[in-house]
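Let's take a look at how protein and DNA meet in this one. Have the structure open as you read.

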There are 2 protein chains.
Amino acid sequence: MTAQPVLKAIDIPQLKTVCSSCSLRELCLPMGLSENEIEQLDQLVYTRRRVRRGENIYRAGDPFASLYAIRSGFFKSNVILEDGRDQVTGFHMPGEIMGLDGISADRHACNATALEDSEVCVIPFARLEETSHQVRSLQRQFHKVMSREIVRDQGVMMLLGSMRAEERLAAFLLNLSQRFVARGYSPAEFHLRMTREEIGSYLGLKLETVSRIFSKFQEEGLVSVQQKHIRILHVDGLRALLGRGQ
Amino acid sequence: MTAQPVLKAIDIPQLKTVCSSCSLRELCLPMGLSENEIEQLDQLVYTRRRVRRGENIYRAGDPFASLYAIRSGFFKSNVILEDGRDQVTGFHMPGEIMGLDGISADRHACNATALEDSEVCVIPFARLEETSHQVRSLQRQFHKVMSREIVRDQGVMMLLGSMRAEERLAAFLLNLSQRFVARGYSPAEFHLRMTREEIGSYLGLKLETVSRIFSKFQEEGLVSVQQKHIRILHVDGLRALLGRGQ
DNA sequence: ACGTGGGGTTGATCTGCGTCAATGCGGCGC
DNA sequence: GCGCCGCATTGACGCAGATCAACCCCACGT
(Lines give C-alpha, C1' and ligand atoms only; values in the text may rest on other atoms or scores of the structure.)
Protein backbone atom coordinates (compact mmCIF):
# COMPACT_ATOMS: atom_id res chain seq x y z
CA MET A 1 0.00 0.00 0.00
CA THR A 2 1.43 3.38 -0.95
CA ALA A 3 1.99 6.11 1.61
CA GLN A 4 -1.08 8.29 1.98
CA PRO A 5 -0.02 11.66 3.35
CA VAL A 6 -2.58 13.27 5.61
CA LEU A 7 -3.54 16.84 4.97
CA LYS A 8 -1.90 19.11 7.49
CA ALA A 9 -4.19 22.08 8.04
CA ILE A 10 -1.24 24.10 9.27
CA ASP A 11 0.70 23.67 6.07
CA ILE A 12 -2.08 24.96 3.90
CA PRO A 13 -2.40 28.65 3.26
CA GLN A 14 -5.86 29.95 4.03
CA LEU A 15 -7.04 32.04 1.14
CA LYS A 16 -10.00 34.33 0.92
CA THR A 17 -12.73 32.99 -1.30
CA VAL A 18 -15.83 34.57 -2.67
CA CYS A 19 -18.58 32.69 -4.42
CA SER A 20 -19.91 35.91 -5.90
CA SER A 21 -16.86 36.32 -8.08
CA CYS A 22 -16.24 32.64 -8.75
CA SER A 23 -16.37 31.52 -12.34
CA LEU A 24 -17.97 28.25 -11.25
CA ARG A 25 -20.97 29.79 -9.57
CA GLU A 26 -23.34 28.54 -12.22
CA LEU A 27 -22.36 24.92 -11.55
CA CYS A 28 -21.79 24.92 -7.84
CA LEU A 29 -23.79 25.68 -4.73
CA PRO A 30 -24.59 29.29 -5.77
CA MET A 31 -26.52 28.08 -8.81
CA GLY A 32 -29.83 29.89 -9.11
CA LEU A 33 -29.19 32.22 -6.19
CA SER A 34 -29.56 35.99 -6.42
CA GLU A 35 -26.63 38.37 -5.93
CA ASN A 36 -27.85 39.08 -2.44
CA GLU A 37 -28.12 35.46 -1.52
CA ILE A 38 -24.71 34.64 -2.90
CA GLU A 39 -23.26 37.28 -0.65
CA GLN A 40 -24.66 35.37 2.30
CA LEU A 41 -22.87 32.31 0.99
CA ASP A 42 -19.66 34.33 0.90
CA GLN A 43 -20.03 34.77 4.64
CA LEU A 44 -19.73 31.09 5.28
CA VAL A 45 -17.44 29.85 2.54
CA TYR A 46 -14.46 31.81 3.62
CA THR A 47 -11.50 29.49 3.29
CA ARG A 48 -9.81 27.74 0.49
CA ARG A 49 -7.30 24.94 0.71
CA ARG A 50 -4.59 23.79 -1.59
CA VAL A 51 -4.22 20.04 -1.83
CA ARG A 52 -1.34 18.44 -3.57
CA ARG A 53 -1.49 15.43 -5.83
CA GLY A 54 -1.85 12.29 -3.74
CA GLU A 55 -3.09 14.07 -0.62
CA ASN A 56 -6.51 13.46 0.88
CA ILE A 57 -8.93 16.19 1.89
CA TYR A 58 -10.54 13.69 4.20
CA ARG A 59 -10.38 9.99 4.80
CA ALA A 60 -12.89 7.29 5.61
CA GLY A 61 -13.64 7.43 9.30
CA ASP A 62 -12.60 11.06 9.77
CA PRO A 63 -15.13 13.11 11.71
CA PHE A 64 -17.35 15.05 9.38
CA ALA A 65 -17.40 18.83 9.67
CA SER A 66 -17.33 20.37 6.22
CA LEU A 67 -18.24 19.90 2.61
CA TYR A 68 -15.72 20.79 -0.06
CA ALA A 69 -16.39 22.48 -3.37
CA ILE A 70 -13.70 21.89 -5.93
CA ARG A 71 -12.30 25.14 -7.23
CA SER A 72 -9.61 23.68 -9.42
CA GLY A 73 -8.05 20.29 -9.95
CA PHE A 74 -9.34 16.76 -9.98
CA PHE A 75 -10.25 14.21 -7.29
CA LYS A 76 -11.26 10.62 -6.80
CA SER A 77 -13.44 9.23 -4.02
CA ASN A 78 -12.15 5.90 -2.89
CA VAL A 79 -12.22 3.33 -0.14
CA ILE A 80 -9.30 1.19 0.91
CA LEU A 81 -10.63 -2.34 1.32
CA GLU A 82 -9.38 -4.73 3.98
CA ASP A 83 -7.17 -6.49 1.46
CA GLY A 84 -5.48 -3.20 0.60
CA ARG A 85 -7.15 -2.65 -2.72
CA ASP A 86 -8.20 0.85 -3.58
CA GLN A 87 -11.81 0.83 -4.76
CA VAL A 88 -12.70 4.04 -6.63
CA THR A 89 -16.29 5.25 -6.20
CA GLY A 90 -16.18 8.47 -8.16
CA PHE A 91 -14.22 11.16 -9.97
CA HIS A 92 -14.82 14.82 -9.25
CA MET A 93 -14.05 18.03 -11.08
CA PRO A 94 -14.34 21.77 -10.47
CA GLY A 95 -17.76 22.96 -9.32
CA GLU A 96 -18.67 19.65 -7.73
CA ILE A 97 -19.30 19.17 -4.03
CA MET A 98 -17.54 16.44 -2.09
CA GLY A 99 -18.24 15.06 1.37
CA LEU A 100 -22.01 14.55 1.23
CA ASP A 101 -21.52 10.96 2.37
CA GLY A 102 -20.31 12.21 5.75
CA ILE A 103 -23.59 13.78 6.83
CA SER A 104 -25.38 10.53 7.60
CA ALA A 105 -23.08 9.23 10.31
CA ASP A 106 -21.02 12.33 11.15
CA ARG A 107 -18.01 10.52 9.73
CA HIS A 108 -16.73 10.39 6.21
CA ALA A 109 -17.43 7.12 4.44
CA CYS A 110 -14.64 7.37 1.90
CA ASN A 111 -11.41 9.17 1.09
CA ALA A 112 -11.17 12.18 -1.21
CA THR A 113 -7.80 12.01 -2.94
CA ALA A 114 -6.41 14.71 -5.22
CA LEU A 115 -5.32 13.35 -8.61
CA GLU A 116 -3.48 16.58 -9.34
CA ASP A 117 -2.60 19.70 -7.40
CA SER A 118 -5.97 21.19 -6.56
CA GLU A 119 -7.87 23.78 -4.61
CA VAL A 120 -11.10 23.33 -2.68
CA CYS A 121 -13.45 25.74 -0.92
CA VAL A 122 -14.25 24.65 2.61
CA ILE A 123 -17.95 24.77 3.47
CA PRO A 124 -18.46 24.26 7.20
CA PHE A 125 -21.57 22.12 7.30
CA ALA A 126 -23.12 23.45 10.49
CA ARG A 127 -22.96 26.94 9.04
CA LEU A 128 -24.36 25.76 5.74
CA GLU A 129 -27.36 24.26 7.52
CA GLU A 130 -27.75 27.47 9.47
CA THR A 131 -27.61 29.69 6.43
CA SER A 132 -29.86 27.46 4.37
CA HIS A 133 -32.26 27.76 7.27
CA GLN A 134 -32.45 31.43 6.49
CA VAL A 135 -31.99 31.49 2.74
CA ARG A 136 -34.72 29.42 1.24
CA SER A 137 -33.23 29.18 -2.22
CA LEU A 138 -29.96 27.94 -0.78
CA GLN A 139 -31.82 25.18 1.04
CA ARG A 140 -33.49 24.25 -2.21
CA GLN A 141 -30.24 24.29 -4.15
CA PHE A 142 -28.49 22.19 -1.54
CA HIS A 143 -31.24 19.60 -1.72
CA LYS A 144 -30.85 19.51 -5.46
CA VAL A 145 -27.12 18.97 -5.14
CA MET A 146 -27.69 15.99 -2.85
CA SER A 147 -30.40 14.57 -5.05
CA ARG A 148 -28.20 14.94 -8.10
CA GLU A 149 -25.58 12.86 -6.33
CA ILE A 150 -28.17 10.14 -5.71
CA VAL A 151 -29.24 10.13 -9.35
CA ARG A 152 -25.63 10.05 -10.49
CA ASP A 153 -24.86 7.08 -8.25
CA GLN A 154 -27.88 5.23 -9.53
CA GLY A 155 -26.67 5.84 -13.05
CA VAL A 156 -23.37 4.22 -12.14
CA MET A 157 -25.20 1.30 -10.54
CA MET A 158 -27.06 0.73 -13.77
CA LEU A 159 -23.85 0.97 -15.73
CA LEU A 160 -22.17 -1.60 -13.49
CA GLY A 161 -25.21 -3.83 -13.35
CA SER A 162 -26.13 -4.01 -16.99
CA MET A 163 -23.40 -2.88 -19.36
CA ARG A 164 -20.58 -4.77 -20.98
CA ALA A 165 -17.01 -3.55 -20.80
CA GLU A 166 -17.05 -1.55 -24.05
CA GLU A 167 -20.30 0.14 -23.15
CA ARG A 168 -18.96 1.07 -19.74
CA LEU A 169 -15.89 2.73 -21.14
CA ALA A 170 -17.90 4.52 -23.82
CA ALA A 171 -20.33 5.79 -21.19
CA PHE A 172 -17.41 6.88 -19.05
CA LEU A 173 -15.79 8.89 -21.84
CA LEU A 174 -19.06 10.50 -22.85
CA ASN A 175 -19.76 11.41 -19.24
CA LEU A 176 -16.35 13.02 -18.80
CA SER A 177 -16.78 14.86 -22.08
CA GLN A 178 -20.14 16.30 -21.00
CA ARG A 179 -18.77 17.45 -17.71
CA PHE A 180 -15.80 19.11 -19.36
CA VAL A 181 -18.09 20.94 -21.77
CA ALA A 182 -20.18 22.27 -18.90
CA ARG A 183 -16.96 23.78 -17.56
CA GLY A 184 -16.01 25.44 -20.80
CA TYR A 185 -13.38 22.93 -21.87
CA SER A 186 -13.27 21.02 -25.10
CA PRO A 187 -15.75 18.16 -25.31
CA ALA A 188 -13.47 16.22 -27.59
CA GLU A 189 -9.98 16.56 -26.23
CA PHE A 190 -8.86 16.11 -22.67
CA HIS A 191 -6.30 14.72 -20.33
CA LEU A 192 -7.24 11.80 -18.13
CA ARG A 193 -6.08 12.53 -14.64
CA MET A 194 -6.47 8.96 -13.47
CA THR A 195 -4.61 5.74 -14.28
CA ARG A 196 -6.06 2.80 -16.18
CA GLU A 197 -6.25 0.97 -12.89
CA GLU A 198 -8.38 3.72 -11.34
CA ILE A 199 -10.68 3.78 -14.35
CA GLY A 200 -10.96 0.01 -14.13
CA SER A 201 -11.71 0.09 -10.43
CA TYR A 202 -14.45 2.64 -11.00
CA LEU A 203 -15.96 0.71 -13.92
CA GLY A 204 -15.63 -2.75 -12.40
CA LEU A 205 -12.98 -3.83 -14.92
CA LYS A 206 -9.31 -4.78 -14.79
CA LEU A 207 -6.71 -2.35 -16.05
CA GLU A 208 -5.73 -4.64 -18.92
CA THR A 209 -9.32 -4.67 -20.13
CA VAL A 210 -9.48 -0.88 -20.01
CA SER A 211 -6.26 -0.66 -21.99
CA ARG A 212 -7.42 -3.18 -24.58
CA ILE A 213 -10.69 -1.38 -25.11
CA PHE A 214 -8.93 1.94 -25.55
CA SER A 215 -6.84 0.27 -28.25
CA LYS A 216 -9.93 -1.20 -29.85
CA PHE A 217 -11.70 2.17 -29.87
CA GLN A 218 -8.62 3.62 -31.46
CA GLU A 219 -8.48 0.95 -34.18
CA GLU A 220 -12.13 1.64 -34.91
CA GLY A 221 -11.43 5.34 -35.29
CA LEU A 222 -13.68 6.32 -32.40
CA VAL A 223 -10.99 7.99 -30.34
CA SER A 224 -7.32 8.75 -30.45
CA VAL A 225 -5.48 7.67 -27.33
CA GLN A 226 -1.95 8.56 -26.38
CA GLN A 227 -1.35 7.58 -22.82
CA LYS A 228 -3.53 9.95 -20.83
CA HIS A 229 -4.33 12.23 -23.73
CA ILE A 230 -7.74 11.48 -25.23
CA ARG A 231 -9.36 12.82 -28.34
CA ILE A 232 -12.89 11.79 -29.17
CA LEU A 233 -13.08 11.53 -32.95
CA HIS A 234 -16.55 10.13 -33.40
CA VAL A 235 -19.00 10.92 -30.60
CA ASP A 236 -21.95 9.29 -32.30
CA GLY A 237 -19.98 6.10 -32.68
CA LEU A 238 -19.46 6.01 -28.95
CA ARG A 239 -23.10 6.84 -28.30
CA ALA A 240 -24.16 4.05 -30.61
CA LEU A 241 -22.30 1.61 -28.38
CA LEU A 242 -24.68 2.36 -25.53
CA GLY A 243 -28.34 1.88 -26.38
CA ARG A 244 -28.16 -1.79 -27.22
CA GLY A 245 -27.47 -3.08 -23.71
CA GLN A 246 -26.45 -6.63 -24.65
CA MET B 1 -43.34 -5.89 -21.54
CA THR B 2 -45.98 -6.53 -18.89
CA ALA B 3 -48.79 -4.07 -18.26
CA GLN B 4 -47.86 -1.49 -15.66
CA PRO B 5 -51.02 -0.09 -14.12
CA VAL B 6 -50.78 3.57 -13.17
CA LEU B 7 -51.82 4.60 -9.71
CA LYS B 8 -55.19 6.30 -9.83
CA ALA B 9 -55.31 8.82 -7.03
CA ILE B 10 -59.08 8.73 -7.07
CA ASP B 11 -59.22 5.04 -6.39
CA ILE B 12 -57.11 5.24 -3.29
CA PRO B 13 -58.72 5.92 0.04
CA GLN B 14 -57.09 8.83 1.83
CA LEU B 15 -56.39 7.81 5.36
CA LYS B 16 -55.35 9.95 8.28
CA THR B 17 -51.76 9.35 9.31
CA VAL B 18 -49.81 10.44 12.32
CA CYS B 19 -46.10 10.09 12.69
CA SER B 20 -46.37 10.55 16.43
CA SER B 21 -48.15 7.24 16.87
CA CYS B 22 -46.32 5.38 14.12
CA SER B 23 -44.36 2.33 15.15
CA LEU B 24 -41.70 3.17 12.57
CA ARG B 25 -40.88 6.61 13.92
CA GLU B 26 -37.48 5.51 15.13
CA LEU B 27 -36.43 4.50 11.62
CA CYS B 28 -38.13 7.07 9.50
CA LEU B 29 -38.14 10.84 9.15
CA PRO B 30 -39.18 11.48 12.79
CA MET B 31 -36.01 9.86 14.08
CA GLY B 32 -34.42 11.96 16.79
CA LEU B 33 -37.22 14.52 16.87
CA SER B 34 -38.96 15.60 20.08
CA GLU B 35 -42.68 14.99 20.67
CA ASN B 36 -43.35 18.60 19.82
CA GLU B 37 -41.45 18.47 16.62
CA ILE B 38 -43.09 15.24 15.53
CA GLU B 39 -46.43 16.93 15.93
CA GLN B 40 -45.32 19.48 13.37
CA LEU B 41 -44.51 16.62 11.04
CA ASP B 42 -48.04 15.31 11.58
CA GLN B 43 -49.30 18.56 10.10
CA LEU B 44 -47.68 17.88 6.82
CA VAL B 45 -47.77 14.11 6.48
CA TYR B 46 -51.50 13.83 6.42
CA THR B 47 -52.31 11.28 3.78
CA ARG B 48 -51.63 7.65 3.29
CA ARG B 49 -52.04 5.64 0.13
CA ARG B 50 -52.63 2.01 -0.50
CA VAL B 51 -50.74 0.60 -3.43
CA ARG B 52 -51.40 -2.83 -4.75
CA ARG B 53 -48.82 -5.32 -5.91
CA GLY B 54 -47.54 -4.36 -9.33
CA GLU B 55 -48.68 -0.74 -9.12
CA ASN B 56 -46.29 2.20 -9.22
CA ILE B 57 -46.34 5.09 -6.78
CA TYR B 58 -44.53 7.12 -9.39
CA ARG B 59 -42.80 6.48 -12.66
CA ALA B 60 -39.67 7.79 -14.33
CA GLY B 61 -40.48 11.15 -15.88
CA ASP B 62 -43.44 11.91 -13.63
CA PRO B 63 -43.34 15.41 -12.16
CA PHE B 64 -41.95 15.35 -8.67
CA ALA B 65 -44.10 16.65 -5.85
CA SER B 66 -43.82 14.32 -2.88
CA LEU B 67 -41.63 11.88 -1.08
CA TYR B 68 -43.10 8.63 0.14
CA ALA B 69 -42.40 6.88 3.41
CA ILE B 70 -43.20 3.20 3.37
CA ARG B 71 -45.62 2.30 6.12
CA SER B 72 -46.07 -1.32 5.19
CA GLY B 73 -45.18 -3.54 2.29
CA PHE B 74 -42.22 -3.80 -0.03
CA PHE B 75 -41.04 -1.89 -3.11
CA LYS B 76 -38.47 -1.92 -5.83
CA SER B 77 -37.00 1.09 -7.61
CA ASN B 78 -36.51 0.36 -11.25
CA VAL B 79 -35.97 1.84 -14.67
CA ILE B 80 -37.35 0.44 -17.90
CA LEU B 81 -34.51 0.56 -20.41
CA GLU B 82 -35.03 1.31 -24.10
CA ASP B 83 -34.82 -2.37 -24.92
CA GLY B 84 -37.64 -3.12 -22.49
CA ARG B 85 -35.53 -4.64 -19.76
CA ASP B 86 -36.41 -3.76 -16.21
CA GLN B 87 -33.28 -2.68 -14.36
CA VAL B 88 -33.76 -2.77 -10.58
CA THR B 89 -31.88 -0.10 -8.64
CA GLY B 90 -33.08 -0.81 -5.12
CA PHE B 91 -35.42 -2.60 -2.74
CA HIS B 92 -37.26 -0.68 -0.07
CA MET B 93 -38.99 -1.67 3.14
CA PRO B 94 -41.08 -0.01 5.86
CA GLY B 95 -39.57 3.13 7.37
CA GLU B 96 -37.58 3.96 4.24
CA ILE B 97 -38.13 7.09 2.16
CA MET B 98 -38.60 6.88 -1.59
CA GLY B 99 -38.51 9.59 -4.22
CA LEU B 100 -35.33 11.46 -3.26
CA ASP B 101 -34.09 11.10 -6.82
CA GLY B 102 -36.86 13.41 -8.01
CA ILE B 103 -35.63 16.52 -6.23
CA SER B 104 -32.74 17.23 -8.55
CA ALA B 105 -34.69 17.70 -11.76
CA ASP B 106 -38.27 18.06 -10.48
CA ARG B 107 -39.03 14.76 -12.18
CA HIS B 108 -38.72 11.26 -10.90
CA ALA B 109 -35.76 9.39 -12.30
CA CYS B 110 -37.12 5.87 -11.73
CA ASN B 111 -40.28 3.92 -11.01
CA ALA B 112 -41.34 2.83 -7.55
CA THR B 113 -43.18 -0.45 -7.92
CA ALA B 114 -44.94 -2.30 -5.11
CA LEU B 115 -43.82 -5.92 -4.78
CA GLU B 116 -46.76 -6.64 -2.49
CA ASP B 117 -49.84 -4.77 -1.34
CA SER B 118 -48.42 -1.81 0.53
CA GLU B 119 -49.12 1.50 2.18
CA VAL B 120 -47.10 4.69 1.93
CA CYS B 121 -47.28 8.03 3.70
CA VAL B 122 -47.30 10.95 1.29
CA ILE B 123 -44.88 13.74 2.20
CA PRO B 124 -45.48 16.81 0.04
CA PHE B 125 -41.98 18.02 -0.62
CA ALA B 126 -42.66 21.76 -0.71
CA ARG B 127 -44.22 21.51 2.72
CA LEU B 128 -41.37 19.36 3.99
CA GLU B 129 -38.87 22.03 2.91
CA GLU B 130 -41.05 24.66 4.54
CA THR B 131 -41.35 22.81 7.82
CA SER B 132 -37.69 21.85 7.90
CA HIS B 133 -37.04 25.54 7.44
CA GLN B 134 -38.68 26.06 10.80
CA VAL B 135 -37.79 22.87 12.62
CA ARG B 136 -34.02 22.66 12.71
CA SER B 137 -33.83 19.05 13.82
CA LEU B 138 -36.12 18.01 10.97
CA GLN B 139 -33.80 19.72 8.51
CA ARG B 140 -30.89 17.85 10.04
CA GLN B 141 -32.69 14.52 9.96
CA PHE B 142 -33.75 15.01 6.36
CA HIS B 143 -30.17 15.71 5.36
CA LYS B 144 -29.14 12.53 7.11
CA VAL B 145 -31.74 10.55 5.25
CA MET B 146 -30.44 11.84 1.92
CA SER B 147 -26.85 11.26 2.89
CA ARG B 148 -27.66 7.72 3.99
CA GLU B 149 -29.08 7.08 0.55
CA ILE B 150 -25.83 8.28 -1.00
CA VAL B 151 -23.76 6.02 1.24
CA ARG B 152 -26.03 3.08 0.53
CA ASP B 153 -25.73 3.60 -3.23
CA GLN B 154 -21.97 3.79 -2.97
CA GLY B 155 -22.01 0.50 -1.10
CA VAL B 156 -23.90 -1.07 -3.98
CA MET B 157 -21.44 0.43 -6.45
CA MET B 158 -18.61 -1.23 -4.58
CA LEU B 159 -20.48 -4.49 -4.51
CA LEU B 160 -21.08 -4.36 -8.26
CA GLY B 161 -17.59 -3.15 -9.01
CA SER B 162 -15.55 -5.54 -6.97
CA MET B 163 -17.42 -8.62 -5.79
CA ARG B 164 -17.94 -11.99 -7.39
CA ALA B 165 -21.38 -13.51 -7.75
CA GLU B 166 -21.33 -15.47 -4.48
CA GLU B 167 -20.13 -12.49 -2.52
CA ARG B 168 -22.82 -10.32 -4.00
CA LEU B 169 -25.58 -12.69 -3.02
CA ALA B 170 -24.14 -13.17 0.46
CA ALA B 171 -23.93 -9.40 0.91
CA PHE B 172 -27.48 -9.07 -0.32
CA LEU B 173 -28.84 -11.62 2.15
CA LEU B 174 -26.92 -10.12 5.05
CA ASN B 175 -28.16 -6.67 4.14
CA LEU B 176 -31.78 -7.80 4.01
CA SER B 177 -31.34 -9.62 7.30
CA GLN B 178 -29.98 -6.50 9.01
CA ARG B 179 -32.80 -4.37 7.73
CA PHE B 180 -35.39 -6.88 8.86
CA VAL B 181 -33.85 -6.97 12.34
CA ALA B 182 -34.02 -3.19 12.60
CA ARG B 183 -37.75 -3.53 12.00
CA GLY B 184 -38.27 -6.17 14.64
CA TYR B 185 -38.47 -9.17 12.33
CA SER B 186 -36.37 -12.29 12.47
CA PRO B 187 -32.83 -11.81 11.18
CA ALA B 188 -32.68 -15.42 10.09
CA GLU B 189 -35.95 -16.24 8.45
CA PHE B 190 -37.80 -14.20 5.87
CA HIS B 191 -39.77 -14.19 2.71
CA LEU B 192 -38.21 -12.71 -0.40
CA ARG B 193 -40.70 -10.42 -2.02
CA MET B 194 -38.84 -10.27 -5.30
CA THR B 195 -38.17 -12.82 -8.04
CA ARG B 196 -34.77 -14.30 -8.88
CA GLU B 197 -34.74 -12.13 -11.94
CA GLU B 198 -35.22 -8.97 -9.86
CA ILE B 199 -32.47 -10.01 -7.47
CA GLY B 200 -30.25 -10.70 -10.44
CA SER B 201 -30.99 -7.37 -12.04
CA TYR B 202 -30.14 -5.59 -8.82
CA LEU B 203 -26.92 -7.55 -8.31
CA GLY B 204 -25.78 -7.48 -11.90
CA LEU B 205 -26.30 -11.23 -12.37
CA LYS B 206 -28.57 -13.44 -14.43
CA LEU B 207 -31.45 -15.22 -12.75
CA GLU B 208 -29.93 -18.64 -13.39
CA THR B 209 -26.79 -17.57 -11.58
CA VAL B 210 -28.81 -16.38 -8.62
CA SER B 211 -30.66 -19.66 -8.52
CA ARG B 212 -27.48 -21.74 -8.77
CA ILE B 213 -25.83 -19.83 -5.96
CA PHE B 214 -28.86 -20.25 -3.73
CA SER B 215 -28.56 -23.97 -4.37
CA LYS B 216 -24.85 -23.90 -3.64
CA PHE B 217 -25.37 -22.02 -0.39
CA GLN B 218 -27.95 -24.61 0.53
CA GLU B 219 -25.63 -27.53 -0.21
CA GLU B 220 -23.01 -25.88 1.95
CA GLY B 221 -25.46 -25.55 4.81
CA LEU B 222 -25.31 -21.77 4.85
CA VAL B 223 -28.99 -21.21 4.20
CA SER B 224 -32.14 -23.14 3.61
CA VAL B 225 -34.02 -22.02 0.52
CA GLN B 226 -37.50 -23.03 -0.49
CA GLN B 227 -38.62 -20.84 -3.33
CA LYS B 228 -39.03 -17.42 -1.74
CA HIS B 229 -38.67 -18.62 1.83
CA ILE B 230 -35.16 -18.08 3.18
CA ARG B 231 -33.60 -19.25 6.38
CA ILE B 232 -30.07 -18.19 7.22
CA LEU B 233 -28.47 -21.11 9.04
CA HIS B 234 -24.91 -19.90 9.34
CA VAL B 235 -24.49 -16.11 9.36
CA ASP B 236 -20.76 -16.23 9.96
CA GLY B 237 -20.34 -18.51 6.99
CA LEU B 238 -21.99 -15.89 4.79
CA ARG B 239 -19.93 -13.13 6.36
CA ALA B 240 -16.77 -15.10 5.71
CA LEU B 241 -17.61 -15.07 2.01
CA LEU B 242 -17.22 -11.30 1.91
CA GLY B 243 -13.88 -10.02 3.21
CA ARG B 244 -11.67 -11.77 0.70
CA GLY B 245 -12.76 -9.86 -2.41
CA GLN B 246 -10.87 -11.94 -4.96
C1' DA C 1 22.96 11.32 -21.11
C1' DC C 2 21.73 7.44 -18.56
C1' DG C 3 19.24 4.47 -15.51
C1' DT C 4 15.15 3.53 -13.03
C1' DG C 5 10.44 2.72 -12.10
C1' DG C 6 5.65 3.34 -12.67
C1' DG C 7 2.31 3.14 -15.86
C1' DG C 8 0.65 1.23 -20.26
C1' DT C 9 0.22 -2.25 -24.00
C1' DT C 10 -0.25 -6.75 -25.84
C1' DG C 11 -0.43 -11.82 -26.09
C1' DA C 12 -1.79 -16.59 -24.37
C1' DT C 13 -4.57 -19.01 -21.52
C1' DC C 14 -8.12 -19.83 -18.02
C1' DT C 15 -12.63 -19.47 -15.85
C1' DG C 16 -16.89 -17.50 -13.94
C1' DC C 17 -20.82 -16.36 -15.47
C1' DG C 18 -24.01 -15.88 -19.40
C1' DT C 19 -26.77 -18.30 -22.75
C1' DC C 20 -29.79 -21.72 -24.34
C1' DA C 21 -32.73 -25.36 -23.33
C1' DA C 22 -35.29 -28.79 -20.81
C1' DT C 23 -37.77 -29.94 -16.62
C1' DG C 24 -39.98 -29.15 -12.14
C1' DC C 25 -43.02 -27.00 -8.94
C1' DG C 26 -46.72 -24.52 -6.73
C1' DG C 27 -50.52 -21.23 -6.69
C1' DC C 28 -54.61 -19.70 -8.93
C1' DG C 29 -58.71 -19.73 -11.75
C1' DC C 30 -62.17 -22.39 -13.57
C1' DG D 1 -59.85 -31.40 -8.69
C1' DC D 2 -57.48 -30.23 -12.87
C1' DG D 3 -54.74 -27.67 -15.92
C1' DC D 4 -52.23 -23.64 -16.77
C1' DC D 5 -48.71 -20.26 -16.19
C1' DG D 6 -45.13 -17.86 -14.07
C1' DC D 7 -41.27 -18.73 -11.49
C1' DA D 8 -37.44 -21.71 -10.19
C1' DT D 9 -34.01 -25.27 -10.91
C1' DT D 10 -30.54 -27.75 -13.37
C1' DG D 11 -27.49 -29.10 -17.16
C1' DA D 12 -24.43 -28.35 -21.34
C1' DC D 13 -21.86 -25.22 -23.68
C1' DG D 14 -19.64 -20.73 -25.12
C1' DC D 15 -17.54 -16.40 -24.46
C1' DA D 16 -16.22 -11.94 -22.26
C1' DG D 17 -13.19 -10.55 -19.38
C1' DA D 18 -9.78 -12.04 -15.68
C1' DT D 19 -5.23 -13.71 -15.00
C1' DC D 20 -0.44 -14.33 -15.87
C1' DA D 21 3.46 -12.77 -18.17
C1' DA D 22 6.51 -10.25 -21.16
C1' DC D 23 7.72 -6.01 -22.99
C1' DC D 24 7.47 -0.99 -24.02
C1' DC D 25 7.39 3.86 -23.20
C1' DC D 26 8.03 8.00 -21.00
C1' DA D 27 8.92 11.02 -17.05
C1' DC D 28 12.10 11.99 -13.69
C1' DG D 29 16.18 12.29 -10.95
C1' DT D 30 21.07 12.34 -10.90
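Of the atoms of DNA strand C within 4 Å of the protein, what percentage belongs to sugar or phosphate, and what do the rest belong to? Sugar or phosphate takes 65%, and bases make up the rest. Keep in mind that this is a predicted model.

Around DNA strand C there are 18 residues, and the closest are Arg196(A), Ser215(A), Ala165(B), Thr209(B) and Arg212(B). Some of the polar contacts go to bases: the side chain of Arg212(A) puts an N or O atom 2.8 Å from a base nitrogen, while a polar side-chain atom of Arg212(B) sits 2.8 Å from a base oxygen. Two or more residues of this surface come from α6 of chain A, and likewise from α6 of chain B. It's α6(A) that gives the most, with five residues. By class, you get three nonpolar, seven polar and eight charged residues near DNA strand C.

Now for the other strand. DNA strand D is also surrounded by 18 residues, with Ala165(A), Thr209(A), Arg196(B), Ser211(B) and Ser215(B) the closest. Sugar and phosphate account for 69% of the strand D atoms that come within 4 Å of the protein. Here α6(B) has the largest share of the surface, five residues, and the classes split into three nonpolar, seven polar and eight charged.

Here are some contacts to phosphate oxygens:

| Residue | Protein atom | DNA strand | Distance |
|---|---|---|---|
| Ala165(A) | backbone N or O | D | 2.7 Å |
| Lys206(A) | backbone N or O | D | 3.3 Å |
| Arg196(B) | polar backbone atom | D | 2.8 Å |
| Ser211(A) | side-chain N or O | C | 2.8 Å |

Definitions and conventions
Residues numbered from 1 in each chain as written. Chains lettered and ligands numbered in written order. Predicted model: local features only at pLDDT ≥ 70, side-chain atom pairs only at ≥ 80, totals over all residues. Heavy atoms only, no water. Near = heavy atom within 4 Å. Polar contact = N/O pair within 3.5 Å; in protein donor to acceptor, adjacent residues only side chain to side chain. Helix = DSSP H or I, 4+ residues; strand = E, 2+ residues; numbered from the N terminus. Nonpolar A, V, L, I, M, F, W, Y, C, P; charged D, E, K, R; others polar.
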